[in-house]
Amino acid sequence: MTDLPRSGAARAHTLSDFDFTLPPELIAQHPAPERSAARLLDGRTAPPVDRIFRELPGLLRAGDLLVSNDTRVLNARLFGAKASGGKLELLIERVLPAAAGSAGNEVAAHMKVGKKPQPGSTVQIAGGRQAGGFDATLLGRWPTADGPLYRFALHGPANESPWELMQRHGHLPLPPYIVRRQNTGHDPHGAEDSQRYQTLFARHPGAVAAPTAALHFDQSVLSALAARGIEHASITLHVGAGTFLPVKTENLEQHRMHSEWYRLPPSTLTALERCRQRGARVVAVGTTTVRTLESWARSGLATGETSIFITPGFPFQVVDLLITNFHLPKSTLMMLVSAFAGHAHVMALYRHAMAQRYRFFSYGDAMLLARQHDGQTVRH
């Protein structure tokens with residue numbers, strides 16, 4: 001699957017409608033001491049209710065289906081240098097399938113560098129192959145000759161796979177608003193991030209960003225959900241770096257949405273059908289889960305690529321409740337949650353969250369939202 005149709009007939013919103021000014025001190029630099037100790041803004045009603053995330057099981061009903069993303073974040077950020085000595089940074093977005101005649105060592109990556117090397121050039125990562133790191137040869141752009149990413153062939157000292165090279169030499173690709181010292185001799189927060197920037201659901205490596213709404217779940221919350229009779233199922237969507245790209249066009253129709261790979265396993269398809277038959281609700285953990293479920297509903301494909309762009313007016317078909325973190329202004333994720341729960345309602349929730357000093361973004365607090373119908377947020 002490639003591009004899916006965008007949202008429905010409502011086109012009144014422009015980029016400025018999703019802007020807000022956030023005090024910098026509200027951007028969480030570290031996770032809560034305990035996963036489920038984060039705050040939860042219950043936005044199903046107006047006015048909202050301030051809660052703690054561990055209260056979530058009591059807010060759901062027996063028979064509800066909780067769906068989470070089981071992607072695992074790669075150590076995809078790599079630091080190195082060109083032959084000239086100029087520093088560069090790679091962010092590996094995908095390990096590419098082995099093609100005929102290929103060694104299976106090719107990746108697609110973002111490249112941050114002063115002057116870009118020419119195709120055929122080799123750069124040294126973590127000191128280069130001769131120093132125990134590895135070399136990366138630039139083959140061209142990806143997925144097309146003028147694509148946004150760069151295709152590299154990786155060469156380690158022992159012919160390791162790209163997965164092994166990333167695990168050994170890479171760093172977790174934390175969002176740019178979380179300040180770390182990854183390209184230094186010592187990152188004092190590296191151990192914390194390696195444990196807390198992965199969710200309890202993480203199974204399948206492939207993401208360059210965590211599905212952050214799921215970071216709040218711990219075993220005590222999962223046990224309480226099971227005891228309450230709430231079913232759990234998983235999807236996989238490998239979150240790409242495009243999730244952090246700001247929308248730059250005032251006219252939302254002109255925004256080019258990034259593409260991400262997803263999969264719904266047969267067990268999840270069965271769980272969704274059982275949920276529908278018993279008249280229960282689908283509770284999505286995070287916007288990545290929403291994107292996956294709604295892409296499947298529109299395309300009928302359980303596996304594929306999605307570049308679905310969800311803006312106000314979008315006709316949701318699957319998700320009834322959404323657990324989500326607070327998102328960046330002017331982001332596609334702000335547009336998604338506004339489409340889900342209503343633009344005016346979401347902006348009011350953000351004003352409340354700032355006034356009550358909630359913690360924002362990846363390591364921040366969460367919200368519980370209900371889907372609106374006919375312009376009205378459903379009261380669950």
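Helix 6 (residues 287–299) and helix 7 (residues 332–341) cross at roughly 65°, and their axes come within 11 Å. Helix 6 is therefore roughly perpendicular to helix 7, because angles of 65 to 115 degrees count as such. The model is predicted. Elsewhere in it, 6 strands form a closed barrel.

**Helix 6 and helix 7**
- The crossing of these two helices is left-handed.
- Helix 6 brings Thr-287, Val-290 and Arg-291 to the contact.
- Helix 7 meets them with Leu-333, Leu-336 and Val-337.
- By residue class, the contact of helix 6 with helix 7 holds 4 nonpolar residues, 1 polar and 1 charged.

**The barrel**
- The strand order is 5-6-7-10-9-8.
- Pairing in this closed barrel is antiparallel.
- On average, neighbouring strands of the sheet are turned by 45° against each other, direction ignored.

**Strand 7 and strand 10**
- Strand 7 covers residues 106–113, and strand 10 covers residues 149–155.
- The two run antiparallel and are joined by 4 bridges.
- Ala-108 has Arg-151 of strand 10 as its bridge partner.

**Helix 2 on the sheet**
- Helix 2 (residues 162–169) packs on the sheet.
- Helix 2 touches strand 5 (77–81), strand 6 (87–95) and strand 7.
- Helix 2 also touches strand 9 (134–142) and strand 10.
- The direction of helix 2 makes about 135° with that of strand 6.

Note on methods:
Residues are numbered from 1 along each chain as its sequence is written. This is a predicted model: local features need pLDDT of at least 70, side-chain atom pairs count only at pLDDT 80 or more; totals for chains, interfaces and linings use all residues. Side-chain values use heavy atoms; hydrogens and water are left out. Two strands pair if DSSP finds at least two bridges between them. Axes are lines fitted to C-alpha atoms, for helices over the stretch in contact, and angles run from 0 to 180 degrees between N-to-C directions. Contact means heavy atoms within 4.5 Å. Angles under 35 degrees count as roughly parallel, over 145 as roughly antiparallel, 65 to 115 as roughly perpendicular and the rest as oblique. A crossing is left-handed if the near helix is turned anticlockwise from the far one by less than a right angle, and right-handed if clockwise. Ala, Val, Leu, Ile, Met, Phe, Trp, Tyr, Cys and Pro count as nonpolar, Asp, Glu, Lys and Arg as charged, and the others, Gly among them, as polar.
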